Amino acid sequence: MVGAAYASVPLYKLFCQMTGFDGTVRKADLAPTKVLDRKVKIRFDANIRNLPWDFSTEQVSQDIRIGDTGLAFFKVTNRSDQAMTGRAIYNVVPEQAGPYFQKLECFCFSNQTIQPGQTIEFPVVYFVDPQYVDDPETKGKGEITLSYTFFPAVEDDAGKKLVASTTPRIVQPLGGAPSRGL
């Protein structure tokens with residue numbers, strides 16, 4: 001029973017990511033080959049829970065054609081005096097859009113470690129699957145909100161914080177040096 005209880009959370013998360021259940025965004029390997037003339041407005045939302053970070057969107061919304069790849073940027077600043085690791089949890093509204101809103105690249109796929117005073121810009125590469133227009137549950141829904149909330153990263157079994165597996169673009173390193181790309 002104890003093992004089943006521990007396994008239920010990761011299994012539920014995997015189920016939601018694979019099916020888009022409960023508005024959970026899916027991870028995609030390839031963008032669709034079909035792009036429709038119909039557009040959808042994507043709104044972006046950024047939140048923080050229990051971290052001394054500033055987290056914001058670089059854009060409020062984007063209008064993209066369904067099936068086309070979109071690119072959005074989010075900015076995070078660690079206001080503390082120590083390196084901290086966080087994890088972004090994501091969701092979409094309306095929930096019916098979950099199976100169709102897919103991401104090719106996202107900072108939310110792994111934990112992110114940010115140094116004291118460091119500001120980092122994270123890209124998100126996404127698309128809305130063309131099947132979105134055929135679903136009776138999404139007909140007439142011309143707006144989708146992608147929402148992120150950063151939480152402190154969980155500790156592993158050894159009691160050490162997990163470190164980010166990707167290198168984001170540094171926008172303003174501590175001390176105000178000029179930006180540098182990936």
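**Entry 1: strands S2, S4 and their pairing**

I began with Val40 and looked up its bridge partner in S4, which is Ile64. This is a predicted model, and I read it as such throughout. S2 and S4 run antiparallel and are joined by five bridges. S2 covers residues 39-48, and S4 covers residues 61-65.

I then checked which way the side chains of S4 point. They alternate along the strand. Gln62 and Ile64 point to one face and are buried. Ser61, Asp63 and Arg65 point to the other face and are not buried. Ile64, the partner of Val40, is thus on the buried face.

**Entry 2: the whole chain**

I stepped back to the overall layout. The protein has one helix and eleven strands. Read from the N terminus, the helix comes first and the strands follow, in the order α-β-β-β-β-β-β-β-β-β-β-β. Of the 182 residues, 40% are buried. I noted an accessible surface of about 10200 Å², with 53% of it belonging to carbon and sulfur atoms.

I also looked at how far apart in sequence the contacting residues are. Among contacts with a separation of 6 or more, 74% are between residues 24 or more positions apart.

**Entry 3: confidence**

The mean pLDDT of the protein is 79, and 68% of the residues reach 70 or more. Over residues 6-10 the pLDDT is below 50, and this stretch has zero contacts in the model beyond near neighbours in sequence. Residues 163-182 also have a pLDDT below 50, but this stretch has 36 contacts beyond near neighbours in sequence. Where pLDDT is low, the predicted coordinates should not be read in detail. I therefore leave the details of such stretches alone.

**Entry 4: strand S6 and its partners**

S6 covers residues 84-93. I found it paired with S8 in the antiparallel sense over three bridges. S8 is made up of residues 112-114. In this pairing, Thr85 has Thr113 as its bridge partner in S8.

S6 also pairs with S10 in the antiparallel sense, over eight bridges. Here I looked up Asn91, and its partner in S10 is Ser147. S10 covers residues 143-152.

Where S6 ends, I checked the peptide bond from Val93 to Pro94. It is cis, with omega near 5°. Pro94 lies in the loop between S6 and S7, the latter being residues 101-105. Most peptide bonds are trans, so a cis bond is worth a note.

**Entry 5: Asn50**

The loop between S2 and S3 (53-57) holds Asn50. Its phi is near 60°, a positive value in a residue other than glycine. Most residues other than glycine have a negative phi. Is Asn50 buried or exposed? Asn50 is exposed because its relative accessibility is 70%, and the cut-off is over 50%.

**Entry 6: the disulfide**

How many disulfides does the count come to? I found one disulfide. Cys106 and Cys108 form it, with their sulfur atoms 2.3 Å apart. The link is right-handed, with 130° about the S-S bond. Cys106 counts as buried at 8% relative accessibility, and Cys108 is buried at 2%.

After this I looked at Asn111, in the loop between S7 and S8. Asn111 is buried, with a relative accessible area of 8%. Its C-alpha atom is 9.1 Å from that of Pro152, a residue 41 places away along the chain.

**Entry 7: the core**

The largest nonpolar core has 36 residues. Which residues have the most contacts inside this core? They are Phe107, Val128 and Tyr148. S2, S3, S5 (69-78), S6, S9 and S10 each supply at least two residues of the core.

I listed the contacts of Val128, leaving aside neighbours within four places in sequence. Among them are Val40 and Ile64, the bridge partners from my opening entry. Others include Ile42, Ile66, Tyr100, Phe101 and Ile144.

**Entry 8: Asp129**

Asp129 is in the loop between S9 (119-128) and S10. Asp129 counts as buried because its relative accessible area is 16%, and the cut-off is under 20%. Beyond neighbours within four places in sequence, Asp129 is in contact with Ile66, Tyr100 and Gln102. Ile66 and Tyr100 are also contacts of Val128.

Terms used. Residues numbered from 1 in each chain as written. Predicted model: local features only at pLDDT ≥ 70, side-chain atom pairs only at ≥ 80, totals over all residues. Heavy atoms only, no water. Helix = DSSP H or I, 4+ residues; strand = E, 2+ residues; numbered from the N terminus. Buried < 20%, exposed > 50% of the residue type's maximum accessible area, 1.4 Å probe, protein only. Contact = heavy atoms within 4.5 Å. Areas by Shrake-Rupley, 256 points an atom, 1.4 Å probe, with all protein chains shown as cover. pLDDT = per-residue confidence, 0-100. Disulfide = S-S within 2.5 Å. Pairing = 2+ DSSP bridges. Core = buried A, V, L, I, M, F, W, Y, C linked by side-chain atoms within 4.5 Å.
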